[in-house]
Amino acid sequence: MDSSLPPAAIKRLGQNFLIDPNIVRKIVALAELTPTDTVLEIGPGRGILTEALCRASGHVTAIEVDPRLHAFLTERQPQFSNLTLVLDDAMTYPVEQLPIGTIVVANLPYYLSTPLLFRLLDQRDHFPRMVLMLQDEVADRLVAKPGSSDYGVLSVMAQYAAEITKAFRVSAQCFRPRPQVGSAVVLLKTKPQRALNQEKEAKFAALVKAAFAHRRKTLINSLKDQGYDQKLVAAALEALALSPSLRAEILSIEKFIELTRRIYG
Ligand code: SAM
């Protein structure tokens, strides 16, 4: 095999490679990198974004799960003294060992975009900023506001952890092979202060999941179905001056936080 040719794309690994340098420029500009910044890239693929990140920042760690792509990039790595290539699964790699202040920039593999996003948000104390390409419909859910049909568990949990902006859409023509779904780039500025401690965050996450388990039901009935004490929830809603007939989809993140505090003290 000619090692100068990039390996063919493997669909199940979400390999849709960017081919448009203009999109690469826009992604890097959005990350506002400086020559002293440390960057984490997940899935460098054939390296189009990696190369630009190396030029714009102080150091890049790029984690790739595909050994063929890792080998392809390793051959080219001498051009970049500030690049550390890691052959590993980004779902298990200890991202918490990266320096605090690391900026994440990635064109995520779409089959894993949500779990990867939440793994990164779990470690948000390390990552002040993330610029991520993911599915357009996921981007819409990430930025959705209460009352919209896109508003759900993903919106509440992500907006609890970060201020999120949908920056721009990216046409399927900017990739090879072309993805079946639309793409968008989002900017996440993680919140430095945690509104709830670790124990209450777990309760908050469970409450939000239970609240949206039955979208058509009232919040109180949805929670009751998930094993919550109806009287306790009713008292908490009353104390917060919230109607007992409201549905989860109109409850703001702040109200979900207050509800957690009311129920769990
Ligand atoms: N950054 C490149 C670009 O923009 O052209 C490639 C992006 S492609 C959408 C996603 C990349 O993530 C692929 O290179 C794929 O092999 C890699 N990948 C898939 N699953 C991964 C995982 N669990 N950990 C690390 N990388 C993964």
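Modeller: In this predicted model, a strand is a DSSP run of E with at least two residues, a helix is a run of H or I with at least four, and both kinds are numbered from the N terminus.

Biologist: Why, then, is the stretch 175–176 called strand 8?

Modeller: Strand 8 runs over 175–176, and a DSSP run of E needs at least two residues, so this stretch meets the requirement. P177 is found in the loop that leads from strand 8 to strand 9 (183–190).

Biologist: What is the omega of the peptide bond from R176 to P177?

Modeller: Omega is near -15 degrees, and this peptide bond is cis.

Biologist: How many helices and strands does the chain have?

Modeller: The chain has 10 helices and nine strands, and its C-alpha trace spans about 70 × 35 × 30 Å along the principal axes. Of the 265 residues in the chain, 48% are buried.

Biologist: Why is V170 called buried?

Modeller: The relative accessibility of V170 is 5%, and buried means under 20%, so V170 counts as buried. V170 belongs to strand 7 (residues 162–170), and its C-alpha atom is separated by 14 Å from that of V131, 39 residues apart along the chain.

Biologist: What makes T61 in strand 3 buried?

Modeller: T61 has a relative accessible area of 6%, and since the limit for buried is under 20%, T61 is buried. Between the C-alpha atoms of T61 and I263 there are 42 Å, and in sequence the two are 202 residues apart.

Biologist: How do you know that P44 and A236 count as buried?

Modeller: P44, in the loop between strand 2 and helix 2 (48–56), has 6% relative accessibility and therefore counts as buried. A236, which has its place in helix 9, has a relative accessible area of 4% and is therefore buried. As for distances, P44 and L223 are 42 Å apart, C-alpha to C-alpha, while the C-alpha atoms of A236 and V105 are separated by 40 Å.

Biologist: Why is E32 called exposed?

Modeller: Exposed means over 50% relative accessible area, and E32 has 58% relative accessibility, so E32 counts as exposed. E32 is found in the loop between helix 1 (21–31) and strand 2 (38–42), and its phi is near 50 degrees, a positive value in a residue other than glycine.

Biologist: What makes A241 exposed?

Modeller: A241 has a relative accessible area of 70%, and the limit for exposed is over 50%, so A241 is exposed. The place of A241 is in the loop between helix 9 (230–239) and helix 10 (253–264), and phi of A241 is near 55 degrees, a positive value in a residue other than glycine.

Biologist: Turning to R124, in the loop between helix 4 (113–122) and strand 6 (129–135), is R124 buried or exposed?

Modeller: With a relative accessible area of 7%, R124 is buried, because buried means under 20%.

Biologist: Why is the pair formed by the backbone oxygen of L121 and a polar atom of the R124 side chain called a polar contact?

Modeller: The two atoms lie 2.8 Å apart, and a polar contact has to be within 3.5 Å, so the distance meets the limit.

Biologist: Which residues around the ligand come nearest?

Modeller: There are 23 residues around the ligand, and Q15, L18, G43, E64 and Y111 come nearest. By class, this shell has 13 nonpolar, six polar and four charged residues.

Biologist: How do you know that Q15, D89 and A90 make polar contacts with the ligand?

Modeller: A polar side-chain atom of Q15 is 2.8 Å from an oxygen atom of the ligand, and a polar side-chain atom of D89 is 2.8 Å from a nitrogen atom of the ligand. A backbone N or O atom of A90 lies 2.9 Å from a ligand nitrogen atom. The limit is within 3.5 Å, so these pairs count as polar contacts.

Biologist: How much of the accessible area that the ligand has on its own does the protein cover?

Modeller: On its own the ligand has 600 Å² of accessible area, and the protein covers 99% of that.

Biologist: Where does the ligand sit?

Modeller: The ligand sits in the largest pocket, a term that requires more than half of its atoms to lie within 2 Å of the pocket's grid points. Strand 1 (17–18) and strand 3 (59–64) are the elements that give two or more residues to the shell around the ligand.

Technical notes. Residues numbered from 1 in each chain as written. Predicted model: local features only at pLDDT ≥ 70, side-chain atom pairs only at ≥ 80, totals over all residues. Heavy atoms only, no water. Near = heavy atom within 4 Å. Polar contact = N/O pair within 3.5 Å; in protein donor to acceptor, adjacent residues only side chain to side chain. Areas by Shrake-Rupley, 256 points an atom, 1.4 Å probe, with all protein chains shown as cover. 1 Å grid on protein atoms, 1.4 Å probe; cavity = no way out; pocket = protein on both sides within 12 Å on 5 of 7 lines; lining within 4 Å. Nonpolar A, V, L, I, M, F, W, Y, C, P; charged D, E, K, R; others polar. Buried < 20%, exposed > 50% of the residue type's maximum accessible area, 1.4 Å probe, protein only.
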